[in-house]
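Q: I'd like to learn how to read a structure like this one, feature by feature. Could you walk me through it?

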Amino acid sequence: MRWEYFIVAFAAMYFVCVSGDQSYEDKRCKCVCPSPAAVLNNTTGSDRKLYIANVQPNKCDCDGVILPQVGADVKVRALEFCPRCECKYENRNTTIIKVVVIIVIWVIMLLVVYMGFLICLDPLINKRAKASYQEHTNEEDEVGGGPSQQMGARGNVLNRVTHQQDKWKRQVREQRRNIYDRHTMLN
Amino acid sequence: MFSVCYGELVSGSFQMESAELTVEDTEPLVGHSGQESLTGAGACDGFLYGGCPEWDPRACARGGRPRQLAEALLNPLQFITGAHDAWSGWVCVLLVGVCTGVVAGVIDIGASWMTDLKFGICPQAFWFNREQCCWSDNETTFDHGNCSQALGGSRDGPGAYIISYLFYILWALLFAALSASLVRMFAPYACGSGIPEIKTILSGFIIRGYLGKWTLIIKVVGLILSVSSGLSLGKEGPMVHIASCLGNILSYLFPKYGRNEAKKREILSAAAAAGVSVAFGAPIGGVLFSLEEVSYYFPLKTLWRSFFCALIAAFILRSINPFGNEHSVLFFVEYNKPWIFFELIPFVGLGIIGGCIATIFIKANIYWCRYRKYSKLGQYPVTEVLVVTLVTAVVAYPNPYTRMNTSQLIYLLFNQCGISNSDPLCSDYNRNFTDVNSAIEKAAAGPGVYRAVWLLFLALLLKLVMTVFTFGIKVPCGLFIPSLALGAIAGRIVGIGVEQLAYHYPKIWLFSGECSTGDDCITPGLYAMVGAAAVLGGVTRMTVSLVVIMFELTGGVRYIVPLMAAAMASKWVGDALGKQGIYDAHIALNGYPFLDSKDEFQHTSLAADVMQPKRNETLSVITQDSMTVEDVEALLKETEHNGYPVVVSKESQYLVGFVLRRDLNLAMANARRLVEGITGQSLVLFAGGPPAGAGGAGAGALPPLKLHRILDMAPITVTDQTPMETVVDMFRKLGLRQTLVTHNGRLLGVITKKDVLRHVKQMDNEDPNSVLFN
């Protein structure tokens, strides 16, 4: 169990480090214009054109972004074309996005694997322990609280983990009974 | 002072218990919160672990902290301890704010990535959503922002359409199935919006495990999945639950808050504020939301902490910048256009429409939830989720306005038509863009706009129906975004209508000459915003916090009056058509023991009519110095009351105090284990002095069991002639759990919160057995 975590952590680190080629910049200036035809032929159309460049925030305007990218015929009529364009400076953090998305994927995968484990393997492993276990759940909680806690303290780490897991499972079963069977909550 | 310690004992002993009990009431709110300097720091929790080791037990019992703090001024180490004690509240809300901001960032980024997964994947860097993938690509075509770097969707033809349709449905089903089964497997309490339950918890009840670690994890992951599955739900309501989970978990780092349920609720109030703050990027709106909608008891101290917590959370989320637009919500818009006085009429009209839509929604949703609760449908939670997802996906894909992410739809509807907006809703006006800086000119709407309006109308119907079936299925799902979307659609349609009216008849007196200059005097986006506020206000019955949230979303103070008018109109219409908001209706449906502080109690009954025991029954009491351990144990076994009054003697019935069942149980068990010479024959003494009862002589050889430390010597009492109106008010304002009824100083009976709730239900001609207890 322990070294599975190591593999997971290592793989995650590997992913973050290796795939970090910076083909995506963190800043852009995005300008939206009507298509140049609107100026050249005086037609009205609803098609737009995008001009994107990576410039300083104070250069994020028609002169800095659009004019270097258009042909000479539009450049001549810049005074007419530029006021029709809208420029916006945006930034993002690709590293945060990458780390967050990878973490989300890992968490979902871990949960799914654990769910599969609980559904498929756990019943097989705990088949024998089940008889005594069921007896335990029927006990009064106030009576069951004290002694079992002492047992956990006396036992080794593994015992304590198992105990915690049992406690958690009992809680989840109770929640399930409330919601899915008795419909007393969260309808 | 005594009640302080007693409160701590109670909250401490909660942790000892296992998960059997789910819902139950707790100790009074006031009496702890009012005496901050006395509570906390576990001055008395030592009792649970075998007596107060360091301190004089009596000092401990009488609230040892003041003395400790007074001494602290002399000793530097203790001074630091004292300082830590004083600022731990602020540190705790700071941590809650930071964590809430981070978690909200994770949810925002994860959900936007996973939502776009349905449309294709970014081949070079799979972790980007569609817009991020096309970040520096000039070739972005404008229909739905596809670029050549993103896979899928950009090809044309019926084959490609069918394939993307299929993939859309399959991804949606996969996400929904994962979400539903994770919730079912690990933390069933993570489903739903959580706001009704948080309200109930803040009103003084404990739902065990509702704010735990697993609930937090599963709610976060399940929320990302269910939002991505394209269901008609939002992430804003569950954000409040998530923040409250964080508040609960982090308060365990500070014993002052972790050990005291009453004080923990202050942290939870602040956390709820932080949740709304990150959900809408509206810190002040969050604080007001906590005050208006969620919290039950909200003193100024909590207000300041909530303010700080909301501020920190908004700051953290803003610095993560999840949407790349320098704001913490996707649908942030900035307006700066004036509105004309005449427009108040359509705004109020929108409020009325909003109230009607909201009432339809609440009625239908409650009907469906009740059907689910009592019919066979409730036995197939995962299947239900899958069916709802399938239907939503199949119906939603053909209409571009339902296909897109709901937040994006709201953004689109809120937006002004400018050059950068290329949706048919905006681009098919017969207008020329000559200068983006000058005002947009009026224009006649082309056929594309009318087509878009039809699609929007269909989207409105579809969203309304789907949200009715979606809210309440067993995945994490919130209500804010769908209701905002409903209102925004309705508002935009009305707005386009008014705009075209102004274009075709600019000269009529309504517009008072402001529309004759050729500028576009009507902003349909503003109508969308007002409509959104109206529907959300009708659904949740919020007013102040809603208006503040909306104006923080737009950054325009100018629109407060229209928003206020719409919110008020919608609340009135909603209150007239149906009594409760959606959260109160769900509280009533589930039968949570929630004593609503908004209702008035108008009946003339007296405390004597409500109290237990009724005639011919006996009240189980404990005498202060004449019962043996065996007697008390027998009493505990025979009865199931949560607490017992202590009287001088059974004949006189003079009241001494009140002792809780749980404390009694623990104290007896501890005494049997730890104290020498306690047998079944030992006397149980609640009085401070030596035993004076008749049995004292016979059992004089045995040492008595002194339990005066767990006795609440200051229980709240009323006389039997007190009107119930006053009693209900006391329960609400003081957050009581029970009150004792006396006559001439003699104990007559007990009124518990359960009795009060039952009585209120009975008086309102509802089924008193629907209230959920334990």
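**Reading the model, feature by feature**

A: Let's start with one residue: Q653(B) is partly exposed, at a relative accessible area of 22%. Keep in mind that this is a predicted model.

Q: What puts Q653(B) in the partly exposed class?

A: The idea is to compare the relative accessible area with two cut-offs: under 20% is buried, over 50% is exposed, and partly exposed is what lies in between. Q653(B) has 22%, so it gets the middle label. As for its place, Q653(B) sits in the chain B loop that runs between β5 (643-647) and β6 (655-660).

Q: And what is the phi of Q653(B) near?

A: Phi is near 60° there, and the point to notice is that this is a positive value in a residue other than glycine. N744(B) is another case: its phi is positive, about 55°, although N744(B) is not a glycine. N744(B) belongs to a loop as well, the one between β10 (738-743) and β11 (746-752) of chain B. With 65% relative accessibility, N744(B) counts as exposed.

Q: On to charges. How many salt bridges does a search of the whole structure find?

A: To call one, you look for a side-chain nitrogen of Lys or Arg within 4 Å of a carboxyl oxygen of Asp or Glu. Over all chains, the search turns up 14 salt bridges. Take E174(A) and R177(A), whose side chains meet at 2.7 Å, N to O.

Q: Where are E174(A) and R177(A) relative to each other in the helix?

A: They are 3 residues apart in helix α9 (residues 157-181) of chain A, which means about one helical turn between them. The two ends of this bridge get separate labels: E174(A) is buried at 7% relative accessibility, while R177(A) is partly exposed at 37%.

Q: Which parts does the salt bridge between E293(B) and K199(B) tie together?

A: That bridge has an N to O distance of 3.5 Å. E293(B) is in helix α12 (residues 283-294) and K199(B) in helix α7 (residues 195-202), both of chain B, so the pair links parts that lie 94 residues apart in sequence. Both partners are buried.

Q: What about E266(B) and K301(B), how far apart are they in sequence?

A: First the contact itself: their side chains form a salt bridge at 3.6 Å, N to O. E266(B) comes from helix α11 (residues 261-280) of chain B and K301(B) from helix α13 (residues 300-320) of chain B, so this pair connects parts 35 residues apart. E266(B) is buried, at 8% relative accessibility, whereas K301(B), at 21%, is partly exposed. There's a wider picture too: salt bridges with shared partners join K263(B), E266(B), K301(B) and R305(B) into one network.

Q: Which other residue has its place in helix α13 of chain B?

A: R318(B) is one to look at in that helix. At 33% relative accessibility, R318(B) is partly exposed. You can also compare distance in sequence with distance in space: R318(B) and V329(B) are 11 residues apart in the chain, and their C-alphas are 9.1 Å apart.

Q: Now rings. How many aromatic pairs are there over all chains?

A: The count is 25. One of them is W454(B) with F457(B): the ring centres are 6.2 Å apart and the planes stand at 90°, so the pair is edge-to-face. These two are 3 residues apart in helix α19 (residues 447-470) of chain B, about one helical turn. W454(B) is exposed at 59%, and F457(B) is partly exposed at 37%. Rings can also gather in a cluster, as Y114(A), F117(A), W168(A), F186(B) and W214(B) do.

Q: Last topic, surface patches. Which residues form a negative one?

A: D599(B), E600(B), E725(B) and D764(B) make up a negative patch on the surface. D599(B) is in the loop between α24 (582-590) and α25 (607-610) of chain B, and is partly exposed at 46%.

Q: And which residues form a nonpolar patch?

A: V387(B), L390(B), V391(B), V394(B) and V395(B) do, with about 340 Å² of accessible area together. V395(B) lies in helix α15 (residues 381-396) of chain B and is partly exposed, at 35%.

Technical notes. Residues are numbered from 1 along each chain as its sequence is written. Chains are lettered from A and ligands numbered from 1 in the order in which they are written. This is a predicted model: local features need pLDDT of at least 70, side-chain atom pairs count only at pLDDT 80 or more; totals for chains, interfaces and linings use all residues. Side-chain values use heavy atoms; hydrogens and water are left out. Patches are made of residues with over 30% relative accessible area and no salt bridge: like charges are joined within 9 Å, nonpolar side chains (Val, Leu, Ile, Met, Phe, Trp, Tyr) within 5 Å. Accessible areas come from the Shrake-Rupley method with a 1.4 Å probe; for residues, only the protein chains shown count as cover. Lys and Arg count as positive and Asp and Glu as negative; His and the chain ends are not counted. The place of a charge is taken as NZ of Lys, CZ of Arg, CG of Asp or CD of Glu. Helices (H or I, at least four residues) and strands (E, at least two) are DSSP runs, numbered from the N terminus. Buried means under 20% relative accessible area, exposed over 50%, partly exposed in between (1.4 Å probe, protein chains only). Rings of Phe, Tyr and Trp (its six-membered ring) pair if their centres lie within 6.5 Å; planes under 30 degrees apart count as stacked, over 60 as edge-to-face and the rest as tilted.
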